[in-house]
Amino acid sequence: MMTQTPSHIADFKRAYETAGPAFPGGKQLGGMRDQAMERFLSLGLPVRKAENWRYFDLTPLRDQAYSPALTLPTATLAMIDEAAVPGLEAPRLVFVNGRFSRTLSDMDRLPDTITCESLHQRLLDGDDTINRLGLDLADGDAFDQLNTAMLAEGLVIDVPDGVKVDQPLELVYLTSKADGLASHLRLVIRMGKGAELRLAETIIGDDSRAFTNLITQITLADDARLICTRRQLEGSQTVHVSRNHVTLGDALYELAQISTGGKSARHELLATFTSEGGHVEYKNVQLAGEGQIHDTLTLFDHAVPQCTSMQTYRGVLDKGSKASFQGKVLVRQDAQKTDARQKADSLILDRSAEANAKPELEIYADDVQCAHGATVGELSQDQLFYLNSRGLSPREAKAVLVEAFIAELCESVEPEPVRNAFLADARTWLDRHPVKAAEEVR
Amino acid sequence: MSATAETKDRVAELAGAYKHGWSTDIESVFAPKGLNEDIVRYISEKQNEPEWLLEWRLKAFAMWQKLEEPDWAMLNYPPIDYQDIYYYAAPKTKEGPNSLDEVDPELLRTYEKLGIPIAEQAVLAGVKGAPKVAVDAVFDSVSVATTYREELKRVGVVFMSISEAVHEHPELVKKYLGTVVPQRDNYFATLNCAVFSDGTFVYIPKGVRCPMELSTYFRINAENTGQFERTLIIADEGSYVSYLEGCTAPMRDENQLHAAVVELIALDDAEIKYSTVQNWYPGDKDGKGGIYNFVTKRGLCRGRNSKISWTQVETGSAITWKYPSCILEGDGSVGEFYSVAVTNNRQQADTGTKMIHIGKNTRSKIISKGISAGHSSNTYRGLVRVLGGADDVRNFTQCDSLLLGDTCAAHTVPYIEVRNPTAQIEHEATTSKISDDQMFYCMARGLDPEEAVAIVVNGYAKEVLRELPMEFAVEAQALLGISLEGSVG
């Protein structure tokens, strides 16, 4: 029986058929992409009924066709400077409209103790080792498959055993004048034993109707440390789906994120612990305004004993927005002495907003400490009154309180320039929000 | 309430086996096995139902055939063969059970074994000055006796089996049946709509405070039967009722299906307190046999300042799938959910609540205590939803899990969905085990490990147990101890 392929699926297929022949890499890779495309076509985009997608909205992906950039786009250094973290002393790696830009990147400033090359270049070089990177996400969902099918661009970073990189690396992803653009990016970061690295990512765009599909695969060997920060400042019409697959031994992985961008924007952190002593720390600040839908999804798989994890989520929702947190901690039978914590707090600024939280625990071991907390509420009238009585306008008072609400997460962000960028991003958002209520307009 | 010496004695006395694991030899009338339109007609005819109800059942049956069994719960069980079940089994009695004299004495002995003094003494043994309890006993599928009807009648309370109510108060049944749990609500509820055989109907008139606790005992006796009872409670303006429900079933190797629907409706200023002690046969320690309990319970706070409170102690059933919920429609209405769910051996429970806030100033409170032992699995699944028009909503949720042993599982799946900024929602959950310190302390004072666990668990569940009417609280404490037998040492 033939069923009609939905037009948006046909659009993705067409995009694949058009762009595919130009993708670098050998026959084997081509086979992998074809298979992934097949799987994508049979899976289709997730529907609302799918538990993990119940709060998200993929309508923009169904309404329009998105295809990868075939030519190398151009951007000026000034644009990158503006996007990057001010004052951060770090070699930059730059993507423009889903393509790695060698000219805008500081390839010559990269520490020579690590290997860092664009995936595109690695594929062009016909590098055999590429097959060992685990790029094929055969068991993944539609976005994993689509990303694999369109696999052509990204980064491969290897930090060898014992190498501690002092200086952070900065990654900038810029989307500019790119209606209908799809950026399917794949980052592979492998941390050797005792390796240390800091990454500062900024994802930024104009109001193009674009689609970012960013998958990061991270492995950490014992005693490795990877500290990441991410500013998600996509344009207001962009669909942003990013996913971090993290596998760690007795190591530390940290991710602090602030998100203000995207029309439908979603971040997933899927972490698997593989040996005792691992720790994952996830901090996420979501600021959502008119028409935005923000989703956060986590799955922490405590498969082995003695691992710890901490998730902290703060959502601020202005008029007409929706922000959701779906966090899951899975403690398997052998994972005794697990300590897993989740905290999700949402602040609603307007009655047309919707906040959702689903902090989930699935526990098969008894000697564990697992706790989660979730709150939803508005700004305290008492606090607003207090600030008003000290001469702040209602709007200023709100801004002060919102800033305080998220500052707790931002303030522990390192290094300092990134922390300042987080706070600046929050202030930029606060300049536009909360949208003025009628009684405030004099 | 602490575990008194008396309670301990009871625990000891009851220890050893599932207390209610005997079956009664009573002649039963069965409908043929399986389910089709004819069975639905047969059930309807047996109850001598009016045409509109038959139509209603057939409509539900048609819907049910198109529905799919839900699979989202964290439950694992072999597929149920819905054609291998008796959908109607009634103890054979003479003309309608109007008074106790007409009831089969064997049946009365069954209830005595259950510890329900169904005859004259409503005061339960050992509890002095306890209020009277009116009992409606549902045996397999049919209501066999309702006590104290006369006394209730004087104050205008209607308390009878739903099959009688269809005839005596058709306007009320017609008006409210299926208004809280719509026919299409879910697979099991729809099935119930098609084949429900009996259940309880309660109507509390305006301004009446029901003078006694109302109580129903459900018991599945016959082999291969399903029990599909239906309860409908309406509390009219300003009234109050406390309703108790107890469930047991004899030991059987086969799994038995129980798919009940309970609908509560509270009008302005009315309050319904609904307490359940669920002690269906949980299967043996290898997971053989036991009841599959798929129950839809929902209360509608339709009036202003109305209140519905669910309290449940779930210790039985092989499978529990149950989410007693409150729809808080009236401004200022209150919903409460207190739950203790114990699973041991191979039991699986997926239970919790939904609080849907529609009206302004509505409040809800959820206290859930899960205890898992053996190879069991215990899931709390809850939803707190605040709609846009619901200003100044308050919710507090606490769901704790206690794990006894490293082969059991405890899950927490809370959903919080808020569309109004004035809402204040708080949710807390913890997972832990009984600490060695607590065990050591109790054992140093001469308790054996099992008694120590029983005491700690009773303390852990105290917040919920104290919500139960006193008669039930004692039983519930004893049950907790029994259910956890063999989980330590």
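## Close-up views of chain B and its contact with chain A

**Figure 1. Chain B as a whole, in a predicted model.** Chain B exposes about 18000 Å², and carbon and sulfur atoms supply 48% of that area. Accessible areas here come from the Shrake-Rupley method with a 1.4 Å probe, and for residues only the protein chains shown count as cover. The chain has 12 helices and 24 strands, taken as DSSP runs numbered from the N terminus (helices: H or I, at least four residues; strands: E, at least two). Of its 489 residues, 62% count as buried (buried means under 20% relative accessible area, exposed over 50%, partly exposed in between; 1.4 Å probe, protein chains only). Among contacts in chain B with a separation of 6 or more, 84% join residues 24 or more positions apart, a contact being heavy atoms within 4.5 Å.

A note for all views: residues are numbered from 1 along each chain as its sequence is written, chains are lettered from A and ligands numbered from 1 in the order in which they are written, and side-chain values use heavy atoms, with hydrogens and water left out. Since you are looking at a predicted model, local features need pLDDT of at least 70 and side-chain atom pairs count only at pLDDT 80 or more, while totals for chains, interfaces and linings use all residues.

**Figure 2. Where chain B meets chain A.** Each side is made up as follows: 34 residues from chain B and 34 residues from chain A. Together the two chains bury about 2700 Å², 48% of it on carbon and sulfur atoms; buried area is the accessible area (1.4 Å probe) that two parts lose on being put together, summed over both.

**Figure 3. Salt bridges between the chains.** There are 4 salt bridges between chain B and chain A (a side-chain nitrogen of Lys or Arg within 4 Å of a carboxyl oxygen of Asp or Glu). One of them pairs R351(A) with D391(B), with the closest N and O atoms 2.7 Å apart. On the side of chain B that touches chain A, the elements giving two or more residues are β23 (409–418) and β24 (424–433).

**Figure 4. A close look at H411(B).** This histidine sits in strand β23 of chain B and is buried, with a relative accessible area of 1%. A polar atom of the H411(B) side chain lies 3.1 Å from the backbone nitrogen of I363(A). Beyond its neighbours within four places in sequence, H411(B) touches residues of both chains, including L361(A), E362(A), M74(B) and Y380(B).

Terms used:
A polar contact is a pair of N or O atoms within 3.5 Å; within protein, one must be able to donate a hydrogen and the other to accept it, and residues adjacent in sequence count only if both atoms are side-chain atoms.
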